[in-house]
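Student: I'd like to go through the salt bridges of this model with you. Shall we look at it together?

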Amino acid sequence: MKLTDSPAWQALSAHAASFSQHHLRDLFAADAGRFERFSRRCDGLLLDFSKQRIDAEAHRLLLDFAAAADIDGWRQKMLSGEIINHTEGRAVRHVALRAGEAAPPETRAVLAQMQDCCDSIHNGVWRGYSNERITDVVNIGIGGSDLGPRMAARALAAAQQPDLRVHFVANVDAADIAPLLARLDPRATLFIIASKTFTTQETLINARTARAWLLAAAGSEEAVARHFIALSTARERTREFGIADANVFEFWDWVGGRFSLWSAIGLSLALAVGWSNFTQLLAGARAMDEHFANAPAADNLPLTLALLTLWNTDFLGAPSAAVLPYSQSLELLPAYLQQLEMESNGKQTDRAGQGIGVPTNPIVWGAAGSNGQHSFYQLLHQGGQLVPCDFIALGESDFPLPGHHRPLLANCLAQSAALAFGQTAAELRAAGVSETLLPYKLFPGNQPSSTLLLPRLDAYTLGQLLALYEHKTFCLGVLWNLNSFDQWGVELGKTLAGRIEPLLAGNGDASAFDASTRGLLAALRSAS
């Protein structure tokens, strides 16, 4: 049966048609207990979704839809290791990476290898080719091999190891790696090359540049073994590069790139913040895994976030969603969630190979508050577009300077309230606003939002937060009946780039390409 023909979908659609014009002002006025009804707590976290444009009936129908989609069955399939990534014939087992004593033996072995590596670098045992202590680590990867550890290292900056600087390079543009290499000392720099197949174009180009830079200083190929680590399964290729087998960290095809922070891909993060913090990150994620596996549907935080996204996207018509962390340390979270959610669920083919027929994942974007208030919030308030928002705030600051945290929290709460309730003409007149200015100062409100409060930002709560969004992403894939764990949409561009690159050097025939691409190729060749 087509998704939109199911009775559960039809019931939601009918309710949305009659309910969608209700204003949040009216919903709150009619229900004094709305906050208690539409908020949930879990292990120190508080999710308030009372400012979402739902009522008790919408919530009930959404839960009915989740049951009809067999959320419980699909969750069990994932957690038990069934092959749910059917297009690639793979299980989806990233949860096993943080399962503690219940983790697979191979996972525990790699974690022990990572701990030994961290200890040797932090204790000064690992030395460079001239016996210098390692002071800088450069993670070279792209996509999930970069976004996860980069975001988490920034988020946990308050726990940064004092004697080690960790850097991240992803873009094939030389402007990413060249300025970094210019200020590093090759005698004290360690490179982590993160590529499962050791063939990723951008990563390998940057890795070869780093290798040449090192050898220009060291003068001997033997130096590579002291200054390079690989996170890869392709040992023949890592050996050809000069990386010692002891410095190769394995991960598996049942770990998707955007879900790989918990694996060896997290080595740069563990080096940045210390092994004890990395284990706390795993523990926080494990606690959220247990909540997701065991909490009833009505109290399940990841499922709640997924159902709200489904409602806003397909029944209220919101094409995008903003993630607004009121924490500068979480400034990279929106970019991380862009890959996690949009690469997972930005699809239009269901598990049976049929068209889904409705929008799936919204465009995810955002920025840290309060910076965003001085750039794009104007559109949120008066731009006439529906943009659901996730506000994220911390009970305690990770950098507790006097006079900073209360104003930050005040702005977070004020913005969510202003977006929800707006400002009416009567209120403006009562405040003495002139009739001339009144039209410009009207705020329509009725912008839906959720607010997630973390008690603090540390490794444990970051693990909770990231696992929360991972499971939300999984739930959305189930609700839309799509495979969240492949990414065929990224392949065409890679294939075409491989055909275009030699044409830029004047080699080959460009006639198979369209007139625009041929014209651009000619312009670039003439400019070089």
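Tutor: Gladly! Before we start, one cut-off will help: buried means under 20% relative accessible area, exposed means over 50%, and partly exposed lies in between. Keep in mind that this is a predicted model.

Student: Is R187, which meets D185 in a salt bridge, buried, partly exposed or exposed?

Tutor: The side chains of R187 and D185 come together at 2.9 Å, N to O. R187 has a relative accessible area of 36%. Since that value falls between the cut-offs of 20% and 50%, R187 is partly exposed.

Student: How many residues apart in sequence are R40 and D299?

Tutor: Their side chains form a salt bridge at 3.1 Å, N to O. R40 sits in strand 1 (residues 39–42), while D299 belongs to the loop between helix 13 (275–294) and helix 14 (301–315), so the pair ties together parts whose separation in sequence is 259 residues.

Student: Which residue of helix 20 pairs with E341, and is that partner buried or exposed?

Tutor: E341 lies in helix 15 (residues 333–345), and its partner is K472 in helix 20 (residues 459–479), 131 residues apart. The two side chains meet at 3.3 Å, N to O. E341 is buried at 3% relative accessible area. For K472 the value is 5%, so the partner asked for is K472, and K472 is buried.

Student: Which residues join E57 in one network of salt bridges?

Tutor: Here the salt bridges share partners. The residues that join E57 in this network are R60 and D64.

Student: And how many salt bridges are there by this rule?

Tutor: A pair counts when a side-chain nitrogen of Lys or Arg is within 4 Å of a carboxyl oxygen of Asp or Glu. By that rule, the count is 21.

Note on methods:
Residues are numbered from 1 along each chain as its sequence is written. This is a predicted model: local features need pLDDT of at least 70, side-chain atom pairs count only at pLDDT 80 or more; totals for chains, interfaces and linings use all residues. Side-chain values use heavy atoms; hydrogens and water are left out. Helices (H or I, at least four residues) and strands (E, at least two) are DSSP runs, numbered from the N terminus. Buried means under 20% relative accessible area, exposed over 50%, partly exposed in between (1.4 Å probe, protein chains only).
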